[in-house]
Amino acid sequence: EQLRNLDKTDRVIGWAKSLATLKFMGFSVRAAVVNTTSIITTSPAAIHQYVTGGRASFMKVNRALMSAGNDARKFMLGHDVGSADDMRFLRDEKRLGWDDPQYTRDMISNMGSTGSRTWAATMDGAMWMFGKTEQWNRLTTMLAAYRLARGEGKNHAEASELAKTASDKSQGIYGRATLPAFAWGRGGLAKVAQAMYTYTKFSHNYLHLLHDLGFRKHNWKAFFYTLLAPMILSGVSAWPLKDITIMPLLGLLFSILGIKDKNEDFEKWMWDQTRAYLGEGAEIAGRYGAMGALGMDVSGSLSIGVGIPRDFWEWGGAPGGLVKEIGPLELLGIKQPGSAIHYLKTGQYGKATEKVLPAGLANVAKGIRESQEGVTTQRGDRVWDTSVKPFVPTTTETIKRLAGFRSSRQAVATERLSEAKQNAKEFEDRRDAIYEHYRAYLVKEDPAEHKKIREKVREFNQSIRAAHMKGEVSEITYEAMRRQVEKMRHVDKKTRAMMR
């Protein structure tokens, strides 16, 4: 794949990926800050396994990373640091390009020569902060690894190779050669996969590292460190594939034990219990980790999802997401809510501007708008805080929003409402299924079926009371059942009017 010549489709995809990167990451303080968290989440375990063979303690590894992080910053500013061997290593890795920001390079490598010099300069400027943090990540990891390897008796060449390995394992290697096999070649499916894979490298590298540490190297200490470190930073949402692994399993266990109603959403129940017994602060820390406790939500950036496209546009990966943000189908009369063109057509010029600006500039525009108007949803609905008042950011929250961080106060209010709506919908769907069963009974009038329906009604109403949902979902009453009978015997006014 690395030796294959670029074709026209490769260049088109390259341009689309670079445009998407400019839109979603360009000039973004948030992206740069979140990028540095790999020093906490993946670098320690990579050094622990691939440099020390699992012999060093994580306390020792993290102390080495802390010292190396400070020295890497000084070295990037042009200062000499550490011992003569340290400087020899740093000069060697710089000459070999081991600390080059690979992400930005990968985003512009497939565009071809036409106009690429100007565009490369634009991308370098937009991704300067992100590139510097990636360079610092690699430098810090390699310098800490080199020092620990030398401390274990390795010579300069051996320690250098181990440092490079630790950096590659923790930070990832970008480029065509490291694409998954299904994204190789010139076929149509390979091209789709290449587009979809734009922002999947982090998840892929993280899961691969977990697999290698635990199931191949059997270094379970490093495995669990890598598994839990993102959760400490950004909360339970960082658990890999949590919606199809840990949450369903825990929900099933708690239902079997009779601790919660089997029909109640486990995640909502869990956070309701946390808030009731430990307070809102514990809920925020649990949902959003240490960063959430500091008032910032970074859970979306550190979570590891399944990667299954949720709509047509996500099949196109980041380029598809860019088209979705712009909303060209609106010009053909097909609605694309939340797109720039949709906002222009509905007079929401501030939101339309935010949709087309690079992320860093859009965050500034959004922060200013929300500080003046309050926070609204994509569809223009008011966002309410936990006191059921319009959510208006504080000065501190506005400053965080300008840098791209949603406040944990807004995040928890949004999540609670979303969970409550989802839970209510599940109960409503269950109630509708009972009504449907009853309407089917009215056609046949089978006594056995009537008995089943009565039992379902009784269980449903008990579930509503147990989940304290009476204010959100109505119980099934005699009057409600009578209305179902009327529907089967008499046409309603609306239908009658339509049939004229």
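Q: Which residues form the nonpolar patch on the surface?
A: A patch is built from residues with over 30% relative accessible area and no salt bridge, joining like charges within 9 Å and nonpolar side chains (Val, Leu, Ile, Met, Phe, Trp, Tyr) within 5 Å. Here, the patch is made of F215, W220, F224, L228 and I232, and together they have about 520 Å² of accessible area (Shrake-Rupley method, 1.4 Å probe, with only the protein chains shown counting as cover for residues). Keep in mind that this is a predicted model, where local features need pLDDT of at least 70 and side-chain atom pairs count only at 80 or more, while totals for chains, interfaces and linings use all residues. Residues are numbered from 1 along each chain as its sequence is written, and side-chain values use heavy atoms, without hydrogens and water.

Q: Where does the largest share of that patch come from?
A: Helices are DSSP runs of H or I with at least four residues, strands are runs of E with at least two, and both are numbered from the N terminus. In this case look at helix α13 (residues 220-234), which supplies four residues, the largest share of the patch.

Q: Is F224 buried, partly exposed or exposed?
A: Buried means under 20% relative accessible area, exposed over 50%, and partly exposed in between (1.4 Å probe, protein chains only). F224, which lies in helix α13, comes out as partly exposed because its relative accessibility is 44%.

Q: How many salt bridges does a search of the whole structure find?
A: You count one when a side-chain nitrogen of Lys or Arg is within 4 Å of a carboxyl oxygen of Asp or Glu. The search turns up 34 of them. Take R55 and E152, with their closest N and O atoms 2.8 Å apart. This pair ties distant parts of the chain together, 97 residues apart: R55 sits in the loop between α4 (43-50) and α5 (58-76), and E152 in the loop between α9 (128-151) and α10. R55 is exposed at 58%, while E152 is partly exposed at 30%.

Q: Which residue forms a salt bridge with D99?
A: That's K94, again with 2.8 Å between the closest N and O atoms. D99 is buried, with a relative accessible area of 0%, whereas K94 is partly exposed at 36%.

Q: Why are R369 and E373 separated by about one helical turn?
A: Because they are four residues apart in helix α21 (residues 359-373). Their side chains meet in a salt bridge of 3.8 Å, N to O. R369 is buried at 9%, and E373 is partly exposed at 49%.

Q: Which residues are linked in a network of salt bridges?
A: Find K268, D272, R275, E280, E283, R287, R416 and E419; salt bridges link them into a network.
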